[in-house]
Amino acid sequence: MSQLIIVERLHKIYHRHQPDEMTALQDISLQILAGEVVALTGPSGSGKTTLLSLLGCMSRPTSGSIQLRDSNVAKLPERFLAKIRRETFGFVFQQYNLVRDLSVLENVMLPLYPSDQSLREIKKAATAVLDQFELAGMLKKKVKQLSGGEQQRVAIARALVADPEIIIADEPTAHLDSELAQDLLQILAVLNAAGKTIVIATHDPSIYQSSLVQRRFDLRHGRIVEEHSR
Amino acid sequence: MILHPGILALLCGSLITVLVMLLASWLGVQILLRWDMSSSSEEQLLLERKTWLVSTLLNYALGFQIFSVVLFIFTAEDIHRLFVGAMCATGSLNANLVGWLVLLVKGILLFAAAFWVVLNRLDQRTEDCPLVRPKYLALVLITPLVVLDLYLQWRYFSGLQPEVITSCCGSLFSAGGDSVASDLAGMPVRQAMLLFFSIIGSYLVVLSFCIVFKASVLRHLLFIVSVLMFFVSIGAVISFISPYIYQMPSHHCPFDMLQANYSYIGYPLYVGLFVATLYGMLPGLCQPLRKYASLRREIDSFEKRWLWVAMAGMLVFLTISCWQMLFGSFKLFGY
Amino acid sequence: MLRQLKILEFTLSSLLRRKYKNLSLITVYAFTIATLGSVLFLTHALKMEATGSLTTAPELVVQRVAAGRHDLIPTAYTEVISKLPGVASVTPRVWGYYYDSLIKANLTLVGISSYQGDLELLEGRLPDNAEECAIGRGVAIAFGPAIGDDLVLEDSGKSRTVFKITGIFRAESNLLTNDLVVLQEAALRDFFSMDQKLATDLVVQVHNQREIKTLAKKIKYNLPDTRPITRDEILHTYDTLFNWRSGMMLAVAVAALISFCILAWDKATGISAEEKQEIGVLKAIGWETSDVLAVKFWEGTVISLTSFVLGILAAWIHVFAFGAPALVPLLKGWSVLFPEFQLTPAVDFYQVFVLGFLTIVPYLACTVIPSWKTAVTEPEYVMRG
């Protein structure tokens, strides 16, 4: 398998040179291969989410490099990061982060608005993804009317609509009961089988101990303390 | 005189543009002083975000400026009744010395702001933003022009004396006077047409060559031809295009055609001319910028589009200005 | 282009989602525009009315000036002027002002045999003997009589004169007939105790419009104690007066606009946590700063254009359907007997353009910084919950 992401000596310091300076990540180096499922674990405040947001091109590191394929994304201006997020990543957030007043269909269409596709094509793509998750019957429903499990599936559908190469999931099971968590694992397994690279931040053992996760980085105080591979 | 509604609107609009530009230059100076592309500090990130604010401010300022030019001419048209002897906008502009100066400054501003917006858009598409310094320097230079625009408008409108007897387009643009304008109006039609059509012809030829060939010298040539074409066309409008539009041999006013009586035909005419000039100048203007690898890619990908837009603008201008010449019953020759 | 259209679509739907917040903004905005619009429309309509009625006014009027003031003119001047080349006719007019202490208003009394103007908008008929009169609509309303009733006027010698009303001018137009009382010339001379050899002024008709200026100069040269007034000069005065008036009121109304802008600023700055979350989500899933700025731009444009259309409609209805009840008191200064006018709808593109420039530009300018602040929301924000 080829290397997809190479992280070298990554530091992230918030509010640098200010009284409330806070070091979130220190000297992180890791590699993620294409098609791999990687988990980031650790107690809250250990830097999982920060690392995840850096990997997902949501923010820029204070120093160090992140090599995504051929380009060093650590130095790119913000607007290019947005393009990369749009084209390479699919995000599943802890709080789902759906727009509650929008319908299921509209939520899933959102990532494609800035693309070159026409509105009709976007609608078609969104409907197709929703169909896979058996949500085709509730396209017009507002998100706030859905159950937790349904919202989770809409969130995953949204992450997949642009057919991303890498899926980033932040505590995806935090608000799910164990049955729904198992469903989620199955979905992730299917996606992985289809060739998607998956990076999950979690402290849920049922996730990181599952057979799906091939490697795990354990973080404490912004450093990787342990790397487990299967 | 200040309390005319149109004048009030113009001054308000200009004041707002000045404020917008002052804010933009203040941010521009910060960016100029502290910009460091290689840094990933939070300060640099904040500056990067501020560039968005500056470009938004400039886009708005350009938009305001476009409407402001239209409103200015409209207002000059509306207040002509206040001046004895004035029969259209020309008369109002003649009412004191500053009138034409305001129009000139507005014209320069329009071009300057449009260039800035286009270059900014190019620059923002690159990863390394090579134009940051020249861009914000230019911004700091445009701002005094905007202030000057406000000041001149104030001077013009507050200096208007309704009792003053002014000359109107009839006397300014009549063949008998001794001003540049009347020289233009008095120019023999045949020579004027010859000059106009030869420069338009060369513009079209150079433009087509630019579309086909990639030579840099052609772009420079197109730049020069565009500038010449702009001034010659303005001259041509005064000299013979307007008489054709008005169907009156001695009516040379370049503003009347913006009125409802002539079904606002002047707007597409001037917009076409402006677009043809602006986009004709762009490729030449961008030649020196090709030394930046990142910009070269962007310029190459946009240039074709600019050239075609220039072509479209020229065709609109040409169609409207020559329609009456070709198909109208009015004949200027013989007068 | 396509991208902008999609973003516009998104903007529209998100405006609809927050309809209550946006409706309140649009209402206030439209109200501000309606206020400014009413001022502009009203003064413009009045100006059109006044200049319109002046088109039937004589091209050249000659007054006599004594001690720097308007004085009665000897009718003998008629012959001097009519001998000037280019003069078609010279007619002396007899008219004057009359202050009625009962209704506390000024009336204009006009002698009929010399008044050559257009008097067609009359119900009933013009007076044909010394005991009759025709009156303007405003006079009729102030005194309360109808055709056939009597109008009692008191002359300078405090003796009362009774006139029988034979006609009332129709209300359709106009500013000129409203405070009018038309009498026979002889009756008027009697009433004002005016000498037969004198008139209020002379109306000069010319053959060629272009010669008016030259002719005015000649009259002034031949009769140095006269003051020729051309219609154009009156038009200038009207223009200046009305521009000044509307400008004055606009200046006041701009204050309303400024306070609106403060409100708009406040609305735009204080975005709710929910909205901030939404923008964060959009940024996180790949929207660029410029896309969010575009959303905000379209939002501002849609809101201001909607409010603009609503405001203009409201102003139009206020001024032309109801006669601008909210503004008339402000305008009353210039004539005590202000006409119960029925304004002819007269709106030109220029008025609308001025209004748009005056109201949309400040609003858009106000929203730039708040939009930018929203647009640069960090995508990471949503990861932190």
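**Exercise 1. What percentage of the 230 residues of chain A count as buried?**

Let's start with the ground rules. This is a predicted model, in which local features need pLDDT of at least 70, side-chain atom pairs count only at pLDDT 80 or more, and totals for chains, interfaces and linings use all residues. Residues are numbered from 1 along each chain as its sequence is written, while chains are lettered from A and ligands numbered from 1 in the order in which they are written.

Step 1: a residue is buried if 20 or more other C-beta atoms, placed from the backbone, lie within 10 Å of its own; it is exposed at 12 or fewer, and partly exposed in between.

Step 2: by that rule, 47% of the 230 residues of chain A are buried.

**Exercise 2. Find the order of strands in the open four-stranded sheet of chain A.**

Step 1: helices (H or I, at least four residues) and strands (E, at least two) are DSSP runs, numbered from the N terminus. Chain A has seven helices and 10 strands.

Step 2: strands pair if DSSP finds at least two bridges between them. The order in this sheet is S2-S1-S4-S5, with antiparallel pairing.

Step 3: look at the edges. Strand S2 (22-33) and strand S5 (71-72) of chain A each have a single partner strand, so one side of each lacks a neighbour in the sheet.

Step 4: now zoom in on one pair. Strand S1 (residues 3-14) and strand S4 (residues 63-68) of chain A are joined by five bridges; in S4(A), Ile66(A) is the bridge partner of Val7(A).

**Exercise 3. Describe how the two domains of chain B meet.**

Step 1: the domain bounds, from an automatic or database domain assignment, give domain 1 (1-165) and domain 2 (173-335) of chain B. Their centres, taken over C-alpha atoms, are 24 Å apart.

Step 2: residues are in contact if their C-beta atoms, placed from the backbone, lie within 7 Å. Domain 1 of chain B contributes 15 residues and domain 2 of chain B 14 residues.

Step 3: on the domain 1 side, H4(B) gives the largest share, six residues.

**Exercise 4. Which element of chain B has the lowest mean pLDDT?**

Step 1: pLDDT is the predictor's confidence in each residue, from 0 to 100. Chain B averages 85, and 88% of its residues score at least 70.

Step 2: helix H6 (residues 169-172) of chain B has the lowest mean, 56, and helix H10 (residues 266-286) of chain B the highest, 92.

Step 3: where pLDDT is low, the predicted coordinates should not be read in detail.
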